[in-house]
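Here is a friendly walk through one structure, meant to be read with the model open beside you. Take a moment to turn it around before reading on.

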Amino acid sequence: MQTHIRSIFTTHLEVVRRLDALVPDIERLARRAADCLTAGGRIFWIGNGGSAADCQHLAAELVGRYQRERGGLASIALTTDSSILTSLGNDFGFEAIFARQVEALCHPGDLLVALSTSGNSANVLAALAPAAALGVYRVGLTGGSGGRLKDETDLCLVVPSDNTARIQEAHILIGHLICDLVETRLVEIGLAGGGR
Ligand SMILES: O=C(CO)[C@@H](O)[C@H](O)[C@H](O)[C@H](O)COP(=O)(O)O
Ligand SMILES: [Zn+2]
């Protein structure tokens, strides 16, 4: 068992080491997210399963606090309202659970982050066209070959791994980094002091 544990640590560390290639895109995303919030936009998150948990985790970091004392930042996980998710799934189909919420809630200038380890989840992909039509900047966090998400987003960070769990671990690391960079930037320019 211990050999197995150590081999997972080794694989995880190798994936993190390879994230170095994504540093310019992580910076690009952080700048874009900070600019979005500065201009009054919101950051939305979508994803399934473990990625749904990451969505609400990361929205909470922004609305609440990551590491610095500051006012709330506008961020919404579209994975959390059981009444909305069940009515959309039941009445329109599971593919519509994010697309319909994007149509209803997003405004031009908002930013949508789609987390999908395969890059091919139909409900995640279905949200991208309404987002584009509304002038929402679409970001993908994926892995493997990038799937369709890579081709249908404005910026896509592809974690160099084919293992779902290792990809998710990299996603939450990148997500925490985005919160760190956005929070620091907004505090520095005095736009996250609390209130509106
Ligand atoms: O957390 C895990 C696996 O580690 C699962 O819950 C996983 O998120 C689910 O199978 C998702 O449905 C996978 O979807 P996706 O990442 O391919 O879009
Ligand atoms: Zn998982």
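The sections below go from the sheet to the helices and then to the ligand.

## The sheet

Please keep in mind that this is a predicted model. A good place to begin is the open sheet, which has five strands in the order β2-β1-β3-β4-β5 and pairs them in parallel. Its edges are formed by β2 (75-77) and β5 (155-159), each of which pairs on one side only. From one strand to the next, the twist averages 15°.

For a closer look at one pairing, find strand β3 (residues 111-115) and strand β4 (residues 137-143), which run parallel and are joined by five bridges. You can pick out one of the partners by eye: Leu 112 has Arg 138 in β4 as its bridge partner. As general background, strands of a sheet pair through backbone hydrogen bonds, and the pairing is either parallel or antiparallel.

## Helices on the sheet

Which strands does helix α2 lie across? Helix α2 (residues 23-38) lies across β1 (43-47), β3, β4 and β5, and runs at about 140° to β5. Helix α9 (residues 164-188) also packs on the sheet, where it touches β3, β4 and β5. The direction of α9 makes about 130° with that of β5.

These two helices also pack against each other, at an angle of about 50° and with their axes 9 Å apart. Helices α2 and α9 are therefore oblique to each other, and their crossing is right-handed. On the α2 side, the contact uses Ile 26, Leu 29, Ala 30, Ala 33, Ala 34, Leu 37 and Thr 38. They meet Ile 174, Leu 177, Ile 178, Leu 181, Val 182, Arg 185 and Leu 186 in α9. By class, the residues of this α2 contact with α9 are twelve nonpolar, one polar and one charged.

## Helix α3 beside α9

Helix α9 has another partner in α3 (50-63). The axes of α3 and α9 come within 10 Å and cross at roughly 15°. Because of that angle, α3 is roughly parallel to α9. Helix α3 passes α9 in a right-handed crossing.

From α3, the contact takes in Gly 50, Ser 51, Asp 54, Leu 58, Glu 61 and Leu 62. From α9 come Gln 168, His 171, Ile 172, Gly 175 and Cys 179. What is the mix of classes in the contact of α3 with α9? The residues divide into four nonpolar, five polar and two charged.

## The α4 and α5 pair

Now turn to helix α4 (residues 82-92) and helix α5 (residues 96-105), whose axes come within 8 Å and cross at roughly 110°. That angle is why α4 counts as roughly perpendicular to α5. The crossing, with α4 passing α5, is right-handed.

Here Ile 84, Leu 85, Leu 88, Gly 89 and Phe 92 in α4 meet Ala 96, Ile 97, Arg 100 and Gln 101 in α5. This contact of α4 with α5 has six nonpolar, two polar and one charged residues.

## Around the ligand

Which residues surround ligand 1? They are Asn 48, Gly 49, Gly 50, Ser 51, Ser 116, Thr 117, Ser 118, Ser 121, Val 124, Thr 164, Ala 165 and Gln 168. By class, this shell around ligand 1 has two nonpolar, ten polar and no charged residues.

Helices α3 and α9 each supply at least two residues of the shell. The most comes from α9, which gives three residues to the shell around ligand 1. Some names may look familiar by now: Gly 50, Ser 51 and Gln 168 are among the residues around ligand 1, and Gly 50 and Ser 51 of α3 and Gln 168 of α9 also take part in the contact between those helices.

Methods
Residues numbered from 1 in each chain as written. Chains lettered and ligands numbered in written order. Predicted model: local features only at pLDDT ≥ 70, side-chain atom pairs only at ≥ 80, totals over all residues. Pairing = 2+ DSSP bridges. Helix = DSSP H or I, 4+ residues; strand = E, 2+ residues; numbered from the N terminus. Axes fitted to C-alpha atoms, helices over the stretch in contact; angles between N-to-C directions. Contact = placed C-beta atoms within 7 Å. Near = placed C-beta within 6 Å. Nonpolar A, V, L, I, M, F, W, Y, C, P; charged D, E, K, R; others polar. Parallel < 35°, antiparallel > 145°, perpendicular 65-115°, else oblique. Left-handed = near helix turned anticlockwise from the far one by under 90°.
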